[in-house]
Amino acid sequence: MQETTAHCESAAYPRIGDKRPIILATLLLFLVLRPAAAQWQSLGDMPAPRRIERGLLFRNAQGTVTVTVATDDIVRVRFAPVQDLGRDHSYSIQVPNPGESRARFNVEDAFSEIATESLRVLIRHRPFRVSFAGLDGVPIDEDDPGMGMAFSGATVRVWKRLRDEDQVYGFGEKTGGLNKRGNKLGGSSLAMWNSDTFAYGLGTDPLYASVPFYLALRGGQAYGVFLDNTHRTSFDVGRQSHGLLSFGADGGELDYYFIRGPHPKDVLRRFTALTGRVPLPPLWALGYHQCRYSYFPESRVREIARAFRDKRIPADVIWLDIDYQDGYRPFTWDRRRFPDPPKMLADLESAGFKTVAIVDPHPKKEPGYPPYDQGLAGDHFVKRPDGSVYEADVWPSQAEKDPAPSVFPDFSRPATREWWGRLHAPLLDAGVDGIWNDMNEPAIFGVPSGTFPLDVRHDNEGAPTDHAEIHNVYGFLMNRATWEGLVNLRPRERPFILTRATFAGGQRYAAVWPGDNVSTWDHFRGSIPMLLGMGISGLPYVGADIGGFVGGPTPELYTRWLQAGVFSPFMRTHAAKGSPDREPWSFGERHEEINRRAIELRYELLPHLYNLMWEAGETGLPPMRPLFLEHPEDPGTYDLDSELLFGPDLLVAPVLDEGAKERWLYLPKSDWYDFWTGRKEEGGKWTKTAVTLESIPMFVRAGGMVFRQPVVQHTGEMPGKTLRVTVYPGAEPTARWLYEDDGKSFDYQRGVYLRRSIGQLRQGDRFAVQVSQIQGTWRPAPRPIQFEIRWDGEPVKVGLMRNGETALLPRRTAEEWNQGMDGWTMADGFVLVRQPDRVEEMWVILEEGGRDTG
Ligand code: MIG
């Protein structure tokens with residue numbers, strides 16, 4: 001840790017050119033006392049570059065830099081203090097050049113310029129400085145004039161200008177506020193080093209996952225920067241020095257991508273075009289998950305599952321933590337606790353439950369245990385520099401019987417990934433549905449660093465290196481092995497994997513949860529900006545342990561956390577060993593009722609969430625969004641840590657305070673409707689709403705839509721259920737995609753899905769909802785579709801237009817409506833229109849009378 005601190009502080013060094021003697025003397029003293037601190041050597045002046053494919057190459061005695069064009073909107077900079085940049089290899093980048101580029105290059109003596117269709121990159125040669133500007137030449141992001149790129153030994157770093165009006169977001173799984181400019185522009189220093197941080201504090205850094213990416217916003221315009229380096233990296237956002245944002249790595253190249261906006265959504269789309277997007281999860285994995293450390297024996301697991309159904313609390317998944325294994329050995333079952341896993345899992349399955357089982361990356365060192373024997377034979381374990389297999393204590397060292405150290409697969413070796421993947425066959429054969437990857441920072445016991453020594457060797461896909469380089473992708477590569485293994489073993493089913501550690505691009509393989517949080521209100525509040533920050537770092541499929549892992553929540557805290565958890569794409573309750581019960585019914589009858597309502601709301605919103613997960617897979621936009629992502633022009637959203645958007649339209653302000661009687665919340669500039677009362681609210685201001693324990697304040701933007709279904713007990717009950725499309729008329733026409741498919745296979749990749757656009761528009765005294773553009777070949781089971789249109793007053797006519805013909809629909813009495821008759825009715829400020837869902841283009845038209853059409 002010592003070394004790291006020194007590196008972070010080194011970012012604060014005065015700029016070159018600042019030669020006041022006292023500072024210099026202090027600096028020298030500092031260097032003598034702290035030899036680990038970097039003495040930065042600037043890159044200095046550069047001669048004119050050489051043209052290379054897609055870019056320019058600069059070289060001087062200090063090092064080499066390339067500036068290349070990935071697409072017209074993405075420019076890559078590579079720098080290392082070497083004469084030849086090494087192998088061009090990345091674990092994160094899935095598509096290195098995800099688009100065309102028509103760049104033009106202009107090399108002068110003093111500067112070079114790269115012009116793409118949308119960017120101008122200006123590179124000054126003496127001293128060497130890079131600046132990214134729009135076509136108007138106004139810099140978007142630029143090296144600081146005083147200090148650009150520099151190095152110290154193997155450490156590389158760049159200093160960029162930071163202005164007071166710059167907001168900075170992202171960095172993956174981080175504590176603290178959403179906006180890393182910090183309180184009163186105090187800034188923040190952040191490190192990337194995957195760490196097992198049990199019961200972490202509100203300011204602990206780093207945590208389990210590393211995403212060296214940020215998104216900056218200035219005057220509503222965004223850009224992004226991704227540092228593609230797996231070593232320990234660090235970012236300083238105006239903390240060490242007010243006007244500087246710097247980042248760098250303890251080894252490897254300073255290899256970063258500048259990603260143009262101007263909309264923050266553009267940045268996210270482009271970043272995920274490079275690093276990949278989330279594949280559609282199986283529908284069941286978007287339901288409610290119940291976990292604890294640990295449910296055992298079998299009778300307890302069955303009891304929990306039965307309680308959900310008896311109490312009519314919806315749930316899809318039950319989890320098996322490490323105690324299902326025999327002596328904490330991965331891929332085994334404790335047969336005393338679980339005598340017949342296939343039978344248990346089949347029974348759970350027929351009750352509508354899926355099961356997720358934990359798999360840690362630490363096979364026990366035990367001759368006769370197949371993963372150990374095979375691993376040795378196949379040379380699958382990481383080694384010490386002397387060539388011996390590296391061993392360390394983790395869970396198997398805590399086994400009651402024959403405790404022993406563990407050995408660790410080298411997931412950076414392709415053959416090892418394949419082997420590890422195949423090891424899952426017996427679990428799947430027994431009927432396990434999903435895999436939970438824990439302890440993959442990697443975490444080990446009994447050493448202060450909590451992880452492997454930095455000199456442990458890894459294959460690194462054929463270019464052997466040490467743990468310092470692989471550490472941050474160890475979990476990511478374990479997930480990759482698991483993902484590829486599950487796809488190979490069960491090619492017709494989408495895998496579900498949950499991971500604790502990950503890296504940029506990890507969304508391709510696993511959902512992520514931020515580890516061992518604590519049952520406190522502060523932790524609960526902190527989980528909102530943390531999950532939002534993960535979402536805008538490319539990781540959309542996230543959720544924190546509901547109720548807090550460590551400790552025991554009060555009934556009120558649990559209920560509030562569950563209510564907020566409705567909007568986490570991954571919704572799971574979890575509890576530490578020995579902690580009090582944390583099932584939705586564990587807190588008395590009143591809470592049980594309210595907790596049931598929260599989970600029911602999740603199930604009602606599943607069509608909406610599924611649609612958003614599909615959108616995430618197409619665009620990189622997370623289902624759970626910070627408000628600035630949709631309202632970048634509205635400074636009122638820049639520091640909002642307490643609200644979220646569930647997709648583009650649905651604003652949620654979960655109650656985050658103990659004993660709250662009211663909730664203050666900010667509505668961005670727009671018109672809004674209270675989701676619960678239908679009341680119209682004007683945005684661009686803070687507003688107050690009264691709350692009870694039942695309340696989940698929610699608002700829908702005018703022009704927005706919400707997709708719902710009736711409550712089901714698990715996702716297996718969804719076929720045939722009414723599809724509810726709620727439309728909130730807006731002054732301007734809007735349209736939203738609605739995506740559906742079979743919810744489990746990969747057939748959607750071959751066009752077996754149903755996608756249609758739902759639009760709303762007003763014309764004179766008519767208002768129309770248009771269902772158009774049927775795409776794809778999947779068709780739902782026969783079911784009604786119900787439009788629910790927010791409406792003041794009485795429409796005179798409600799018609800349905802299909803195939804160019806309009807038919808008036810019959811108006812139903814409340815009684816007829818409740819019997820399920822098709823037609824239309826009015827209720828609570830909504831016009832309800834019900835029809836069989838014929839999956840065809842159509843218009844629902846409302847005509848109002850007595851109004852001047854203008
Ligand atoms: O050393 O598997 O974060 O969710 O329940 C603790 C037991 C290991 C840490 C995980 C937690 C899990 C626990 N694990």
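This report describes one open sheet and a helix that lies across part of it, in a predicted model.

## The sheet as a whole

Eight strands make up an open sheet, and their pairing is antiparallel. Their order across the sheet is β2-β3-β4-β5-β19-β16-β15-β13. At the edges are β2 (50-52) and β13 (166-170), each of which pairs on one side only. From one strand to the next, the twist averages 20°.

## From β2 to β3

The edge strand β2 pairs with strand β3 (residues 55-59) in the antiparallel sense, over 3 bridges. Within this part of the sheet, Arg-50 stands opposite Leu-57 in β3.

## Strand β4 and its two partners

Strand β4 is joined to β3 by a hairpin of 4 residues. These two strands pair in the antiparallel sense over 5 bridges, and Arg-59 stands opposite Thr-64 in β4.

A second hairpin, through 2 residues, leads from β4 to β5. The strands β4 and β5 run antiparallel and are joined by 7 bridges; here Thr-66 stands opposite Arg-78 in β5.

Is strand β4 (residues 64-71) largely enclosed by the rest of the structure, or largely open? A residue counts as buried when its relative accessible area is under 20%. In β4, 8 of the 8 residues are buried, and therefore the strand is largely enclosed by the rest of the structure.

## The helix across the sheet

Helix α3 (residues 264-275) lies across four strands: β5 (74-80), β15 (213-218), β16 (221-227) and β19 (254-260). With respect to β19, helix α3 runs at about 135°.

Conventions: Residues are numbered from 1 along each chain as its sequence is written. This is a predicted model: local features need pLDDT of at least 70, side-chain atom pairs count only at pLDDT 80 or more; totals for chains, interfaces and linings use all residues. Side-chain values use heavy atoms; hydrogens and water are left out. Two strands pair if DSSP finds at least two bridges between them. Axes are lines fitted to C-alpha atoms, for helices over the stretch in contact, and angles run from 0 to 180 degrees between N-to-C directions. Contact means heavy atoms within 4.5 Å. Buried means under 20% relative accessible area, exposed over 50%, partly exposed in between (1.4 Å probe, protein chains only).
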